Amino acid sequence: MQPEFERFFDAVRGSRLAFPYCTACGRYHWYPMKRCPHCRSNDIEWRPVSGRGQLYSWTVVRHPFDPALAEALPYVVALVEFPDAPGIRLVSNLVDIDLDRLHIGMAVEPVYPDTASNEPVVRFRPITQG
């Protein structure tokens with residue numbers, strides 16, 4: 001793992017999301033960099049976000065490109081954006097999803113790994129109304 005990503009994965013292990021934020025220009029960026037890609041400042045801090053997001057785009061994978069994932073087919077690779085972290089779009093997977101209900105702008109929430117898992121992977125699922 002590249003050291004720039006450690007704070008992201010540490011947050012996920014703690015069931016939180018956080019992204020790099022430039023205090024000089026007031027913008028988020030993803031992926032982590034030593035300097036802000038917008039203004040080149042190194043005044044970067046990590047800010048927590050709620051994790052609630054919206055589906056920006058997706059694809060349904062139906063071919064086992066990786067044999068280890070063959071039994072998971074079909075699965076959804078999604079691009080999620082966050083209203084409280086403008087400019088961030090995170091690639092992840094959607095789970096607990098009816099493929100026929102996928103739509104741009106779908107409200108989603110994070111699904112964190114259980115505490116026994118060493119795999120710091122955040123996935124997303126639709127927010128159900130009710």
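Visitor: What makes the meeting of the backbone nitrogen of D43 with the side chain of S41 a polar contact?

Guide: In this predicted model, the backbone nitrogen of D43 lies 2.9 Å from a polar atom of the S41 side chain. The cut-off for a polar contact is 3.5 Å, so the pair falls within it.

Visitor: Where in the chain does S41 lie, and why is it called buried?

Guide: S41 is in the loop between β2 (27–28) and β3 (44–49). Its relative accessible area is 12%, and buried means under 20%, so S41 qualifies.

Visitor: Which residues does S41 touch, leaving out those up to four places away in sequence?

Guide: The list is C22, A24, K34, R35 and C36.

Visitor: C39 is in the loop between β2 and β3 too. Why is C39 called partly exposed?

Guide: The relative accessibility of C39 is 34%. Partly exposed covers what is neither under 20% nor over 50%, so 34% puts C39 in that class. With residues up to four places away left out, C39 touches C22, A24 and C25. The C-alpha atoms of C39 and R27 are 9.2 Å apart in space, with 12 residues of separation in sequence.

Visitor: On to the rings. How many aromatic pairs does the structure hold?

Guide: There are 10 aromatic pairs in the structure. Take F19 and F82, whose ring centres are 5.3 Å apart and whose planes stand at 45 degrees.

Visitor: What makes F19 and F82 a pair, and why is the pair called tilted?

Guide: Centres have to lie within 6.5 Å, and 5.3 Å is within that, so the two rings pair. For the angle, stacked needs under 30 degrees and edge-to-face needs over 60, so 45 degrees leaves tilted.

Visitor: Why do you say that the pair of F19 and F82 ties together separate parts of the sequence?

Guide: F19 belongs to strand β1 (residues 17–22) and F82 to strand β5 (residues 75–82), so the pair links parts 63 residues apart in sequence. Both F19 and F82 are buried. They also belong to one aromatic cluster, together with F5, F8, F9, W30, Y31 and F124.

Visitor: How do you know that the charged end of R47 sits over the ring of Y21?

Guide: The charged end of R47 is 3.7 Å from the centre of the Y21 ring. The distance limit is 6 Å, so that part of the test is met. R89 and Y56 make another such case: the charged end of R89 sits over the Y56 ring, 3.6 Å from its centre.

Visitor: Which residues line the largest pocket, and which element gives the most to that lining?

Guide: The largest pocket holds about 160 Å³ of space. Its lining is made up of F8, F9, W30, L90, V91, S92, N93, P120, V121 and V122. Two elements, α1 (6–13) and β6 (85–94), give two or more residues each. β6 gives the most, with four residues.

Visitor: What is unusual about the backbone, and why?

Guide: Most peptide bonds are trans, and most residues other than glycine have a negative phi, so departures from either are worth pointing out. The peptide bond from W30 to Y31 is cis, with omega near 20 degrees. Y31 is in the loop between β2 and β3. L73 and P74 are also joined by a cis bond, with omega about -15 degrees. P74 sits in the loop between β4 (53–61) and β5.

Visitor: Where does phi turn positive, glycine aside?

Guide: S15 has phi near 60 degrees, and D96 has phi near 55 degrees. S15 is in the loop between α1 and β1, while D96 is in the loop between β6 and β7 (107–111).

Visitor: Why is D96 called exposed, and why is S15 called partly exposed?

Guide: D96 has a relative accessible area of 61%, which is over 50%, so it counts as exposed. S15 has 39%, which lies between the 20% and 50% limits, so it counts as partly exposed.

Visitor: And the whole protein: what elements does it have, and in what pattern?

Guide: The protein has one helix and eight strands, which run as α-β-β-β-β-β-β-β-β along the sequence. Its C-alpha trace spans about 45 × 30 × 30 Å along the principal axes. Of its 130 residues, 33% count as buried.

Terms used. Residues are numbered from 1 along each chain as its sequence is written. This is a predicted model: local features need pLDDT of at least 70, side-chain atom pairs count only at pLDDT 80 or more; totals for chains, interfaces and linings use all residues. Side-chain values use heavy atoms; hydrogens and water are left out. Buried means under 20% relative accessible area, exposed over 50%, partly exposed in between (1.4 Å probe, protein chains only). A polar contact is a pair of N or O atoms within 3.5 Å; within protein, one must be able to donate a hydrogen and the other to accept it, and residues adjacent in sequence count only if both atoms are side-chain atoms. Contact means heavy atoms within 4.5 Å. Rings of Phe, Tyr and Trp (its six-membered ring) pair if their centres lie within 6.5 Å; planes under 30 degrees apart count as stacked, over 60 as edge-to-face and the rest as tilted. A charge sits over a ring if NZ of Lys or CZ of Arg is within 6 Å of the ring centre and within 35 degrees of the ring normal. On a 1 Å grid over the protein atoms alone, a cavity is a set of points where a 1.4 Å probe fits but cannot get out, and a pocket is an open set with protein on both sides within 12 Å along at least five of seven lines; lining residues have an atom within 4 Å of a point. Grid points are joined across faces, edges and corners, and a volume is the space filled by probe spheres set on the points.
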